[in-house]
Amino acid sequence: MSGRFISFEGIDGAGKSTHLEWYAERLREAGRDVLLTREPGGTGLAEALRALLLDEPMDAQTELLLMFAARRDHLERRLRPALAAGTWVVCDRFTDSTLAYQGAGRGGSVKRIHVLADWVHGDLWPDRTYLFDLPAEEALRRRTLARPADRFEAEDLAFFERVRAGYQAQAAAEPERFVVIDAAQDIDRIRSLLAADCARIR
Ligand code: TYD
């Protein structure tokens, strides 16, 4: 009676946040118990780490380790208990973000990220991952309309092009888990895609 684990991914500015709450609501209407959460974050400790990760200068290895420390706390104290109770978890980002940002974006070792992922969450991976795909330039345009940049958002276009390419490679490698959404489409079109797919998850 374990719940399902669903993640939303994409480069900053691709627009996933617009759809998260809406998606969780579709699941609730379908009678599911839903936990809407995010990474890094989702517990007091992980949210404190998030604040440091987004704004405090640090080297790339520290960043990687803190991401997984936040993830471990979130998993042990929130995510796994929810799944065990039959709750469906909708998570804004998960380890695919680490592979894309710390791996492809920062040029960190993908092998090392997989070692940490195995250690921190073993074979628990999302049942479904929506990748909001958008050219880095368009995402940047959308972002500058929003608020001041954090440490990731302040990265240059080339960084986000690498992150995007990383995500696309991950999606191609796991076509069963990933649903790639062209985030340039209008909101209604994206929602009808999400609604149709959401009804398919068993
Ligand atoms: P984000 O999820 O985009 O939230 P908001 O919409 O409030 O900006 O911000 C989280 C940032 O953290 C984002 O820039 C990507 C980054 N991140 C990583 O680099 N690695 C990770 O493993 C995770 C979970 C996030």
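**Side-chain interactions in the predicted model**

Glu63, Arg106, Arg151 and Glu155 are tied into a network of salt bridges. That network belongs to a wider set, with 20 salt bridges turning up in this predicted model. A few of the individual pairs are worth walking through.

Take Arg77 and Asp73 to start with. Their closest N and O atoms are 2.8 Å apart, and the two form a salt bridge. Both residues sit in helix 3 (residues 60-84), and because they are 4 residues apart there, about one helical turn separates them. The two partners see solvent quite differently: Arg77 is exposed, with a relative accessible area of 52%, while Asp73 is buried at 13%.

A comparable arrangement shows up in helix 8 (residues 187-200), where Asp197 and Arg200 are 3 residues apart, about one turn of the helix. Here the salt bridge has its closest N and O atoms 3.2 Å apart. This time the acid is again the buried partner, with Asp197 at 5% relative accessibility, and Arg200 counts as exposed at 56%.

With Glu174 and Arg177, the side chains meet in a salt bridge at 2.9 Å, N to O. In this pair the arginine is the buried one, Arg177 having a relative accessibility of 5%. Glu174, at 36%, counts as partly exposed.

Next comes the nonpolar interior. In soluble globular proteins, nonpolar side chains tend to be buried together. In this model the largest nonpolar core has 35 residues, and the members that touch the most others are Ile11, Tyr23, Tyr101, Tyr130 and Phe132. Helix 7 (residues 157-173) is the top contributor to this core, giving 5 residues. Another core lies apart from it, made of 17 residues that include Phe5, Ala82, Val89 and Leu124.

Tyr130 deserves a closer look. Leaving aside residues up to four places away in sequence, Tyr130 touches Ile6, Ser7, Phe8, Glu9, Tyr23, Val179, Ile181, Leu194, Asp197, Cys198 and Ile201. One name on that list, Tyr23, is also among the residues touching the most other members of the largest core. Another, Asp197, is the buried acid that pairs with Arg200 in helix 8.

The aromatic side chains have plenty going on as well, with 11 aromatic pairs in the structure. In one of them, Phe94 and Trp125, the ring centres are 6.4 Å apart and the planes stand at 90 degrees, so the pair is edge-to-face. Phe94 is in the loop between strand 3 (88-92) and helix 4 (95-105), and Trp125 is in the loop between helix 5 (110-121) and strand 4 (128-133); the pair thus links distant parts of the chain, 31 residues apart. Phe94 is buried, with a relative accessible area of 0%, whereas Trp125 is partly exposed at 22%.

Tyr101 and Tyr167 make another edge-to-face pair, with ring centres 6.5 Å apart and planes at 80 degrees. Since Tyr101 is in helix 4 and Tyr167 in helix 7, this pair ties together parts that are 66 residues apart in sequence. Both tyrosines are buried. They also belong to one aromatic cluster, together with Phe152, Phe159 and Phe160.

Phe160 has a charged companion too: the charged end of Arg143 sits over the ring of Phe160, 4.3 Å from its centre. A second case of this kind involves Arg71, which lies over the face of Phe68 at 4.9 Å from the ring centre.

Finally, the cysteines. A search of the whole structure comes up with 0 disulfides. For Cys91, the closest cysteine sulfur is that of Cys198, and at 16 Å it is too far for a bond. Cys198 is likewise in no disulfide, the sulfur of Cys91 being the nearest cysteine sulfur to its own. Both residues are tucked away from solvent, with Cys91 buried at 0% relative accessibility and Cys198 buried at 10%. Cys198 is also one of the residues that Tyr130 touches.

Methods:
Residues are numbered from 1 along each chain as its sequence is written. This is a predicted model: local features need pLDDT of at least 70, side-chain atom pairs count only at pLDDT 80 or more; totals for chains, interfaces and linings use all residues. Side-chain values use heavy atoms; hydrogens and water are left out. A disulfide is a pair of cysteine sulfur atoms within 2.5 Å. Buried means under 20% relative accessible area, exposed over 50%, partly exposed in between (1.4 Å probe, protein chains only). A salt bridge is a side-chain nitrogen of Lys or Arg within 4 Å of a carboxyl oxygen of Asp or Glu. Helices (H or I, at least four residues) and strands (E, at least two) are DSSP runs, numbered from the N terminus. A nonpolar core is a set of buried Ala, Val, Leu, Ile, Met, Phe, Trp, Tyr and Cys residues joined through side-chain atoms within 4.5 Å. Contact means heavy atoms within 4.5 Å. Rings of Phe, Tyr and Trp (its six-membered ring) pair if their centres lie within 6.5 Å; planes under 30 degrees apart count as stacked, over 60 as edge-to-face and the rest as tilted. A charge sits over a ring if NZ of Lys or CZ of Arg is within 6 Å of the ring centre and within 35 degrees of the ring normal.
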